[in-house]
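Me: I am new to reading protein structures, and I would like a close look at one part, the place where two chains meet. Please take me through it in one connected answer.

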Amino acid sequence: MKEKEQGMSLIVKRITRITVSLIFLFGVYIMLHGHLTPGGGFAGGVIIALSFIHVVLAFGKKESLKMLNDNVVSFFESLGGLLFLGIALSGLIGGYFFLNVLPKGKPFDLFSSGTIILSNIAIFLKVGVGLFAIFIALAILRVPRDDKEEVK
Amino acid sequence: MIELHVVLILMIICAIVAMEIKDLLSSVIALGAVGIGLTVEFLLLRAPDLAITQLVVEILSVIILIRATVGVKVPQENIKMRLGYFIFALVFVAVFLFFSKRAVAQLPSFGDPMMKIGSLYNSLALSKAGAANIVSSVILDFRAYDTLGEATVLFTAVIGVLTVLRASGRKK
């Protein structure tokens with residue numbers, strides 16, 4: 001019997017190549033404009049997690065997990081958490097925890113509102129990679145029901 | 001407010017379908033319909049931040065549920081409806097409705113919150129935090145402790161899932 005091909009059909013793979021970068025870009029847009037328009041770090045992070053999931057579903061786990069393996073996931077997850085905590089501790093310069101110490105800038109500018117945009121980036125990294133890790137663990141690395149199915 | 005109630009009734013019907021239907025995949029899809037209904041409710045109540053977050057989280061959870069449940073055979077159990085259970089459920093629902101009616105009557109009317117701190121945030125958000133989106137300035141500046149706790153919860157959840165399902169633990 002021939003070796004089973006990973007992932008879905010050729011049409012799905014072709015369309016995925018086009019759409020996945022757009023979904024990723026939309027997540028980054030939602031995150032960067034979180035202090036101006038509805039959205040923010042959490043929603044943007046979930047959207048980029050969905051774009052990674054899109055790749056995994058279309059191409060199969062072997063192809064896609066080459067780029068995003070456990071080390072990358074744990075690195076970005078920890079980086080996001082430490083960045084957010086660092087922003088919180090930087091408020092101690094001005095007096096108390098979570099003080100907005102950076103200059104506020106002009107309202108409605110992209111680079112305004114001090115630490116809020118940095119916090120959005122930190123939460124974006126954390127949520128995006130964390131939810132993707134949960135997806136891999138729950139849906140891909142599940143416990144095999146018989147011995148023939150391979151464990152990753 | 002009539003559209004609010006229509007969507008709410010649709011959500012209740014979908015929830016009942018999700019519980020009662022035999023097929024697992026159909027149940028997951030009905031659950032997704034409940035989440036989309038909740039998104040529409042948030043949009044009708046003019047909370048676009050919540051609507052975006054609810055929509056994407058709902059999509060993610062439906063994908064995970066479908067990927068985890070498709071092809072899984074769940075043994076069906078036929079629970080016989082006894083008369084005692086039925087009477088007990090009826091009494092419980094009656095008590096719940098009685099007390100919830102009294103509790104809802106005590107709530108302040110829509111758009112008039114009991115805590116006056118919300119109007120303070122509204123007036124201070126632009127000058128103190130400098131963010132045009134007031135929701136963002138509340139969750140990341142005024143009440144950032146809550147967001148720190150949420151980030152900790154997510155971190156703990158990821159670690160817990162990866163610990164339970166790790167590959168090296170089930171070699172034998």
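**Where chain B meets chain A**

Reply: Across the interface of chain B and chain A, in what is a predicted model, the rule finds zero salt bridges. The contact itself involves 40 residues of chain B and 46 residues of chain A, and together the two chains bury about 3,800 Å², with 74% of that area on carbon and sulfur atoms. Polar contacts do occur there, and the count between chain B and chain A comes to six residue pairs, both residues of each pair being at pLDDT 80 or more.

On the side of chain B that touches chain A, at least two residues come from each of helix H3 (48-69), helix H5 (117-129), helix H6 (134-142) and helix H7 (144-164) of chain B. The helix that gives the most to this side is H3(B), with twelve residues. Sorted by class, the side of chain B that touches chain A holds 27 nonpolar, seven polar and six charged residues.

Where, then, is a salt bridge to be found? A search of the whole structure gives one salt bridge over all chains, and this is the pair A:Glu77 and A:Lys126, whose closest N and O atoms are 3.0 Å apart. The pair joins distant parts of the chain, since A:Glu77 sits in helix H4 (residues 70-90) of chain A while A:Lys126 sits in helix H5 (residues 115-140) of chain A, 49 residues apart. As for their surroundings, both A:Glu77 and A:Lys126 are buried.

Definitions and conventions. Residues numbered from 1 in each chain as written. Chains lettered and ligands numbered in written order. Predicted model: local features only at pLDDT ≥ 70, side-chain atom pairs only at ≥ 80, totals over all residues. Heavy atoms only, no water. Contact = heavy atoms within 4.5 Å. Buried area = accessible area lost by both parts, 1.4 Å probe. Salt bridge = Lys/Arg side-chain N within 4 Å of Asp/Glu carboxyl O. Polar contact = N/O pair within 3.5 Å; in protein donor to acceptor, adjacent residues only side chain to side chain. Helix = DSSP H or I, 4+ residues; strand = E, 2+ residues; numbered from the N terminus. Nonpolar A, V, L, I, M, F, W, Y, C, P; charged D, E, K, R; others polar. Buried < 20%, exposed > 50% of the residue type's maximum accessible area, 1.4 Å probe, protein only.
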